[in-house]
Amino acid sequence: MNVVFAVKQYISKMIEDSGPGMKVLLMDKETTGIVSMVYTQSEILQKEVYLFERIDSQNREIMKHLKAICFLRPTKVLHILNCHLPRHMQDTRI
């Protein structure tokens with residue numbers, strides 16, 4: 001199996017599941033590298049992902065008009081953060 005193809009399909013599925021509209025892709029250090037290996041910026045822009053942001057960024061603006069897609073590596077810190085999110089924002093897939 002082609003690993004690049006499999007990862008690209010996984011990311012595409014996350015994007016498709018979020019529905020139509022403008023989106024932001026939130027990533028951590030590891031997943032940022034993964035996305036950049038399988039997608040060009042123009043390819044992902046065609047899927048209505050207009051902003052790429054690191055979850056550890058200190059200067060994040062609140063943009064309620066964008067849907068957030070979180071592609072994060074499961075860690076203990078992430079689990080703690082997820083426990084403090086409102087129920088409708090918690091993702092059941094890890």
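Let me start with Gly21, which sits in the loop between helix H1 and strand E1, and let me say at once that what we are looking at is a predicted model. Gly21 counts as partly exposed, because its relative accessibility is 25%, and that value falls between the limits of 20% for buried and 50% for exposed. If you follow the chain from Gly21 to Leu66 you travel 45 residues in sequence, yet in space the two C-alpha atoms are 7.6 Å apart.

From that loop, let us turn to the interior. Which residues make up the largest nonpolar core? There are 12 in all, namely Ile11, Met14, Ile15, Leu25, Met27, Val35, Val38, Tyr39, Ile44, Val49, Ile69 and Phe71. Helices H1 and H2 and strands E1 and E3 each supply at least two residues of this core, and H1 gives the most, with 3 residues. As one example from the core, consider Val49, which, once we leave aside its neighbours within four places in sequence, is in contact with Ile15, Lys23, Leu25 and Ile44.

Helix H2, covering residues 29–38, deserves a slower look, since we can ask why its buried residues line one face of the helix. The buried residues here are Thr31, Val35 and Val38, and when we look down the axis of H2 they fall within an arc of 75 degrees, so they line one face. It may help to recall that an α-helix has 3.6 residues a turn, so residues three or four places apart point the same way. On the other side of H2 we find Lys29, Ser36 and Met37, which are exposed. The buried residues, for their part, are covered by elements that include H1, strand E1 (23–27), helix H3 (41–45) and E3. At the start of H2 there is also a detail worth pointing out, in that a side-chain oxygen of Asp28 reaches to within 3.2 Å of the backbone nitrogen of Glu30.

Moving on to helix H3, we find Ser42 there, and its side chain is joined to that of Thr40 by a polar contact of 3.2 Å. Ser42 is partly exposed, with a relative accessible area of 47%.

Now for the aromatic rings, where the count comes to 1 aromatic pair. The ring centres of Tyr10 and Phe71 are 6.1 Å apart and their planes meet at 45 degrees, so the pair is described as tilted. This pair links distant parts of the chain, because Tyr10 belongs to helix H1 (residues 3–17) while Phe71 belongs to strand E3 (residues 67–71), 61 residues away. Are the two partners buried or exposed? Tyr10 is partly exposed at 47% relative accessibility, whereas Phe71, at 10%, counts as buried. Another ring to notice is that of Tyr39, because the charged end of Lys8 sits over it, 5.1 Å from the ring centre.

Finally, please find Glu53 in strand E2, which spans residues 49–54. Glu53 has a relative accessible area of 17%, so it counts as buried, the limit for that word being under 20%. If we set aside residues up to four places away in sequence, Glu53 touches Val24, Leu25, Leu26, Met27 and Arg60, and one of these, Leu25, is also a member of the core that I described earlier.

Key. Residues numbered from 1 in each chain as written. Predicted model: local features only at pLDDT ≥ 70, side-chain atom pairs only at ≥ 80, totals over all residues. Heavy atoms only, no water. Phe/Tyr/Trp six-rings, centres within 6.5 Å; stacked < 30°, edge-to-face > 60°. Helix = DSSP H or I, 4+ residues; strand = E, 2+ residues; numbered from the N terminus. Buried < 20%, exposed > 50% of the residue type's maximum accessible area, 1.4 Å probe, protein only. Lys NZ or Arg CZ within 6 Å of the ring centre and 35° of its normal. Arc of directions from axis to C-beta. Contact = heavy atoms within 4.5 Å. Polar contact = N/O pair within 3.5 Å; in protein donor to acceptor, adjacent residues only side chain to side chain. Core = buried A, V, L, I, M, F, W, Y, C linked by side-chain atoms within 4.5 Å.
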